[in-house]
Amino acid sequence: MGQLHVIDHPMIQHKLTIMRDKETGSKDFRELLQEIALLMGYEITRDLPLEDKEIETPICKMTAKVVAGRKLAVVPILRAGLGMVDGIRTLVPVAKVGHIGLYRNEQTHKPVVYYCKLPEDIQKRLVIITDPMLATGGSACDAIAMLKERGCHNIRLMCLVGAPEGIAKVQAEHPDVDIYVAAVDKCLNSDAYIVPGLGDAGDRIFGTK
Ligand code: PRP
Ligand code: URA
């Protein structure tokens, strides 16, 4: 089964609490999401392999460490996943970015695909899927399946808030994918929104409601 990593550093919990507050406006919400994505990115890249490099400091020659060849791709699930991309790219500026467009049908709560554009060599990369909300898990499972169809075999899922239902679905359908979240919430409501959650992440990022 894919491992669940709850990245609950005090600074992340503090920032997430501000994001959850319904009085927090779009500008602060966006900035906090980027900050948390950067902090989570630090943990998600913790096990990247290193290799030696010969360099010369102003004082002497030395053998120093650099991240080894393993390349990264960030794949946000549109729209809300876009809000986490810049945070990760601050940490890994050379990461390529693919896009998967999915929205949930409001009646069925099932995801509908409307866009997919990925780096040509995506199958050679460590792929980090970003989406702040893991609710039923339908969108994440479909995005992972789309990446696997294109040959990706090294995929991690990075969300801000996960519902137990969504976490269980991803673990059941994609046991090879590790999940990283800042918080695991209580449940879903009858509209398949996360409780207590933070509302509609896409609307809060882009100010559409
Ligand atoms: C939200 C969210 C996830 C999805 C999670 O997107 O950003 O992609 O719902 O729900 P699930 O786990 O039940 O699939 P939404 O469909 O609202 O689209 P948007 O980002 O364009 O607002
Ligand atoms: N999508 C959101 O943006 N929020 C939820 O709580 C569930 C799905």
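Helices (H or I, at least four residues) and strands (E, at least two) are DSSP runs, numbered from the N terminus. The views below show a predicted model.

**Pro196 follows a cis peptide bond.** Pro196 sits in the loop that links strand S15 (194–195) with helix H6 (201–206). The bond between Val195 and Pro196 is cis, and its omega is about 0°. Val195 is also among the residues touched by Leu188.

**Arg79 follows a cis peptide bond with Leu78.** Here omega is about -5°. Arg79 belongs to the loop between S4 and helix H3 (85–91). Its partner in the bond, Leu78, is one of the buried residues of S4.

**Strand S4 is mostly covered.** S4 spans residues 72–78, and seven of its seven residues are buried. In a regular strand, side chains alternate between the two faces of the sheet. In S4, Leu72, Val74, Pro76 and Leu78 point one way. Ala73, Val75 and Ile77 point the other way. The residues of both sets are all buried.

**S4 pairs with S8 and with S5.** Strand S8 covers residues 126–130 and runs parallel to S4, joined to it by five bridges. Within this pairing, Ala73 lies opposite Val127 of S8. Strand S5 covers residues 96–97. Two bridges link S5 to S4, again in the parallel sense. There, Val74 faces Val97 of S5. Both Ala73 and Val74 are buried, and they point opposite ways from S4.

**Helices H1 and H2 pack against each other.** Two packed helices are described by the angle between their axes and the distance between the axes. For H1 (residues 10–20) and H2 (residues 26–44), the angle is about 155° and the axes are 10 Å apart. Angles over 145 degrees count as roughly antiparallel, so H1 and H2 are roughly antiparallel to each other. Their crossing is left-handed. H1 contributes Ile12, Lys15, Leu16, Ile18 and Met19 to the contact. H2 contributes Phe29, Leu32, Leu33, Glu35, Ile36, Leu39 and Met40. Of these contact residues, ten are nonpolar, none polar and two charged.

**Helices H4 and H5 cross at roughly 25°.** H4 takes in residues 138–149 and H5 residues 164–173. Their axes come within 9 Å. Because angles under 35 degrees count as roughly parallel, H4 is roughly parallel to H5. The crossing of H4 with H5 is right-handed. Gly138, Ala140, Cys141 and Ile144 of H4 meet Lys169, Val170 and Glu173 of H5. This contact holds four nonpolar residues, one polar and two charged.

**Strands S2 and S3 form a hairpin.** S2 comprises residues 50–56 and S3 residues 61–67. Four residues connect S2 to S3 in the hairpin. The pairing is antiparallel and is made over seven bridges. Lys53 has Ala64 in S3 as its bridge partner.

**S9, S11 and S13 make an open sheet.** The strand order is S9-S11-S13, and the pairing is parallel. S9 (133–134) and S13 (183–184) stand at the edges. Each edge strand has a single partner strand, so one side of each is left without a neighbour in the sheet. S11 (residues 161–162) is joined to S13 by two bridges. Across this pairing, Gly162 is opposite Val184 of S13.

**Leu188 touches residues distant in sequence.** Leu188 belongs to strand S14, residues 187–188. Leaving aside residues up to four places away in sequence, it touches Ala135, Thr136, Ala163, Glu165, Tyr193, Ile194 and Val195. Glu165 is 23 residues from Leu188 in sequence. In space, the two are 7.7 Å apart, C-alpha to C-alpha.

**Ala192 has a positive phi.** This residue is not a glycine, yet its phi is near 60°. Ala192 lies in the loop between S14 and S15. Buried means under 20% relative accessible area. Ala192 has 5% relative accessibility, so it counts as buried.

**His109 has a positive phi.** Its phi is about 65°, although His109 is not a glycine. His109 lies in the loop that runs between strand S6 (99–104) and strand S7 (111–117).

Conventions
Residues are numbered from 1 along each chain as its sequence is written. Chains are lettered from A and ligands numbered from 1 in the order in which they are written. This is a predicted model: local features need pLDDT of at least 70, side-chain atom pairs count only at pLDDT 80 or more; totals for chains, interfaces and linings use all residues. Side-chain values use heavy atoms; hydrogens and water are left out. Axes are lines fitted to C-alpha atoms, for helices over the stretch in contact, and angles run from 0 to 180 degrees between N-to-C directions. Angles under 35 degrees count as roughly parallel, over 145 as roughly antiparallel, 65 to 115 as roughly perpendicular and the rest as oblique. A crossing is left-handed if the near helix is turned anticlockwise from the far one by less than a right angle, and right-handed if clockwise. Contact means heavy atoms within 4.5 Å. Ala, Val, Leu, Ile, Met, Phe, Trp, Tyr, Cys and Pro count as nonpolar, Asp, Glu, Lys and Arg as charged, and the others, Gly among them, as polar. Buried means under 20% relative accessible area, exposed over 50%, partly exposed in between (1.4 Å probe, protein chains only). Two strands pair if DSSP finds at least two bridges between them.
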